[in-house]
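Work through the exercises below with the sequence and the coordinates at hand. Each task is followed by a stepwise solution.

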Amino acid sequence: MSVVAISVVYGVLAAVGWGVADFIAATASKRIGVLRAATGVHLSSSVALAGYFFIVFEPGLLTWEHWVVLASISVLAVLVYVAFYRALREGPVAVVSPIVSSYAIVVIALAMAFSGERLSGWQGLGALCSIGGIVLASFDPREFSSSRRLIGLGAALAIVTMLGIGLLSYGMGVLSREIGWFLPVYISRTMTTGLFIPLTIGLRRWTLSGITLPVAAGVAVAGIVEMGGLFAYTRGTQVGVISIVAAASIAYPLIPMIGGIVIFGERLATSQWTGLGITLAGLFVLALAP
């Protein structure tokens with residue numbers, strides 16, 4: 001299998017993990033609130049893999065520069081989560097989702113500027129189709145009326161989120177080539193958890209109200225599956241091409257969309273089906289591109 005195809009496979013695996021996690025977490029957040037759901041997702045994944053961390057961790061492997069970068073990523077991750085959830089509250093999902101899912105543009109630009117990566121004509125076409133297709137698939141024209149504004153605080157925060165996720169994804173990809181696929185994800189996730197917990201307590205959200213066994217199990221599964229997606233992403237960037245892994249991974253919003261169709265009986269607009277087809281075609285071109 002070629003390096004490009006490997007990059008696409010890992011990108012798609014990351015998309016599946018993130019998509020499933022987002023679908024479960026979105027459902028749980030309606031029951032227990034966004035902040036408690038986010039804290040639970042981070043905490044469960046950190047605890048689940050703590051044993052493996054102590055097996056593979058070698059103190060001498062990480063320099064002080066690595067720790068500074070990981071700490072910066074963790075702080076940025078908290079800010080990105082807060083901006084993202086606020087964007088979803090302030091603006092229509094049909095505007096926020098396609099903006100945020102375009103983060104691959106940032107990753108590709110950074111990879112070409114700082115990592116020396118270059119895409120061939122076919123690879124560029126596949127990446128463009130993947131990004132454009134998911135934007136089109138995420139956009140539902142039925143959500144808008146003549147009186148609804150497309151630009152507002154929600155859209156502005158979505159742009160901030162897109163830039164933040166792009167920086168996070170690129171940083172994790174670079175670190176994976178230096179210290180492996182596991183440590184960047186686990187250490188940054190644990191640090192982010194350490195920031196979320198006092199934030200949740202300080203805002204008086206640290207209660208068991210509304211947390212049933214099914215909800216707790218769902219949050220735990222979401223955390224583990226999301227972590228699996230992150231591992232797939234960092235492994236892909238370690239052995240493949242960062243920009244192509246990023247372009248393939250943006251298909252993750254399709255998973256919640258499919259879940260909505262199958263479980264909740266939602267219906268997609270014609271433009272969304274078209275976007276889905278373009279995305280799949282773009283991934284196919286990426287996988288086979290020379």
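**Exercise 1.** Of the contacts in the protein chain with a separation of 6 or more, what percentage is accounted for by residues 24 or more positions apart?

Solution. The model is a predicted one. Step one: keep the contacts whose separation is 6 or more. Step two: among these, residues 24 or more positions apart account for 91%.

**Exercise 2.** Describe the secondary structure and the surface of the protein chain.

Solution. Counting elements gives 13 helices and 0 strands. Read from the N terminus, the order is α-α-α-α-α-α-α-α-α-α-α-α-α. The protein chain has 290 residues, and 48% of them count as buried. About 13600 Å² is exposed, with 72% of this area supplied by carbon and sulfur atoms.

**Exercise 3.** Is helix α11 mostly covered or uncovered?

Solution. Helix α11 spans residues 242-249. A residue is buried under 20% relative accessible area. By this cut-off 8 of its 8 residues are buried, and the helix is mostly covered. The buried residues are Ile242, Ser243, Ile244, Val245, Ala246, Ala247, Ala248 and Ser249.

**Exercise 4.** Analyse the nonpolar cores, starting with the largest.

Solution. The largest nonpolar core holds 54 residues, of which Tyr103, Leu183 and Tyr233 touch the most other members. Helix α8 (residues 153-179) contributes the largest share of this core, 9 residues. Next, take Leu183 and leave out residues up to four places away in sequence: Leu183 then touches Phe53, Val56, Phe57, Leu61, Leu62 and Ser188. Finally, a second, separate core has 8 residues, including Ile32, Val41, Val215 and Val219.

Key
Residues are numbered from 1 along each chain as its sequence is written. This is a predicted model: local features need pLDDT of at least 70, side-chain atom pairs count only at pLDDT 80 or more; totals for chains, interfaces and linings use all residues. Side-chain values use heavy atoms; hydrogens and water are left out. A nonpolar core is a set of buried Ala, Val, Leu, Ile, Met, Phe, Trp, Tyr and Cys residues joined through side-chain atoms within 4.5 Å. Buried means under 20% relative accessible area, exposed over 50%, partly exposed in between (1.4 Å probe, protein chains only). Helices (H or I, at least four residues) and strands (E, at least two) are DSSP runs, numbered from the N terminus. Contact means heavy atoms within 4.5 Å. Accessible areas come from the Shrake-Rupley method with a 1.4 Å probe; for residues, only the protein chains shown count as cover.
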